[in-house]
Amino acid sequence: METIKISLENCYGIGQLSFDFSFDTNSKSYSIYAPNGFMKSSFAKALMNMAEAKDMVHPDRPTTCNVTDAAGTSKRK
């Protein structure tokens, strides 16, 4: 089973998000819902640009962006 752990804080307007995405034989994709569409764009921007992730709404807040794969390899900002 492949798992990707996502932990975001103050990234492009996302206050906080921590979730383990588990990709097994029954589940190969996830859907992210936000009524105004803001969360999906912010989530994509944070992952695409981890080195430069920041909170565009509150730029004075410290940003944390951690992604860890099933092998324990971590990419952090």
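# Reading a predicted fold, strand by strand

Tutor: Start with a pairing. Strand β1 (residues 2-11) runs antiparallel to strand β2 (residues 14-23), and nine bridges join the two. Keep in mind that this is a predicted model.

Student: How many helices and strands does the protein chain have, and in which pattern do they follow?

Tutor: There are one helix and four strands. Along the sequence the pattern reads β-β-α-β-β.

Student: How far can I trust the prediction? What is the average pLDDT of the protein chain?

Tutor: pLDDT is the predictor's confidence in each residue, from 0 to 100. Here the protein chain averages 76, and 75% of the residues score at least 70. Confidence is highest in β2, at 84. It is lowest in strand β4 (residues 74-76), with a mean of 67.

Student: Back to β1 and β2. Which residue stands opposite Cys11?

Tutor: Look for residues that face each other across the two strands. Cys11 faces Ile14 in β2. Thr3 is another case, with Ser22 of β2 opposite.

Student: How many residues lie between the strands of this hairpin?

Tutor: Two residues lie between the strands. One detail to check there is Tyr12, which has a positive phi near 50 degrees.

Student: Which way does β3 run against β1, parallel or antiparallel?

Tutor: β1 and β3 run antiparallel, with five bridges between them. Take one facing pair: Lys5 has Thr68 of β3 opposite.

Student: Let me look at Thr68. Where is it, and what is it in contact with?

Tutor: Thr68 belongs to strand β3 (residues 64-68). Beyond four places in sequence, Thr68 is in contact with Thr3, Ile4, Lys5, Thr73 and Ser74.

Student: Is Thr68 buried or exposed?

Tutor: Compare the relative accessible area with the cut-off. Buried means under 20%. Thr68 has 18%, so Thr68 is buried.

Student: Now the other side of that contact. What does Thr3 touch?

Tutor: Thr3 sits in strand β1. Setting aside residues within four places in sequence, Thr3 is in contact with Asp20, Phe21, Ser22, Thr68, Asp69 and Ala70.

Student: How do I read separation in sequence against separation in space? What is the case for Thr3 and Ala71?

Tutor: Put the two numbers side by side. Thr3 and Ala71 are 68 residues apart along the chain, and their C-alpha atoms are separated by 8.6 Å. Glu2, also in strand β1, gives another example. Glu2 and Ala71 are 69 residues apart in sequence, with 8.6 Å from C-alpha to C-alpha.

Student: Which residues is Glu2 in contact with?

Tutor: Leave out neighbours within four places in sequence. Then Glu2 is in contact with Phe21, Ser22, Phe23 and Ala70.

Student: What share of the contacts joins residues at least 24 apart?

Tutor: Count contacts between residues at least 6 apart in sequence. Of these, 50% join residues at least 24 apart.

Student: What about the inside? Which residues make up the largest nonpolar core?

Tutor: The largest nonpolar core has 11 residues: Ile6, Leu8, Cys11, Tyr12, Ile14, Phe21, Met39, Phe43, Ala46, Cys65 and Val67. At least two of them come from each of β1, β2, α1 (38-48) and β3.

Student: Pick one core residue. Why does Leu8 count as buried?

Tutor: Leu8 counts as buried because its relative accessibility is 0%, and the cut-off is under 20%. Leu8 is in strand β1. Leaving out residues up to four places away, Leu8 touches Ile14, Gly15, Gln16, Leu17, Phe43, Ala46, Thr64 and Cys65. Leu8 and Thr63 are 55 residues apart along the chain, with C-alpha atoms 7.8 Å apart.

Student: How much of the protein chain is buried, and how much area does it expose?

Tutor: Of its 77 residues, 29% count as buried. The protein chain exposes about 5,300 Å², and carbon and sulfur atoms supply 52% of that area.

Student: Last feature. How do I read a pair of aromatic rings?

Tutor: Use the distance of the centres and the angle of the planes. This structure has one aromatic pair. Phe19 and Phe21 form it, edge-to-face, with 4.8 Å from centre to centre and 65 degrees between the planes.

Student: Are these two rings' residues buried or partly exposed?

Tutor: Phe19 is partly exposed, at 38% relative accessible area. Phe21 is buried, at 10%.

Methods:
Residues numbered from 1 in each chain as written. Predicted model: local features only at pLDDT ≥ 70, side-chain atom pairs only at ≥ 80, totals over all residues. Heavy atoms only, no water. Buried < 20%, exposed > 50% of the residue type's maximum accessible area, 1.4 Å probe, protein only. Contact = heavy atoms within 4.5 Å. Areas by Shrake-Rupley, 256 points an atom, 1.4 Å probe, with all protein chains shown as cover. Phe/Tyr/Trp six-rings, centres within 6.5 Å; stacked < 30°, edge-to-face > 60°. Pairing = 2+ DSSP bridges. Core = buried A, V, L, I, M, F, W, Y, C linked by side-chain atoms within 4.5 Å.
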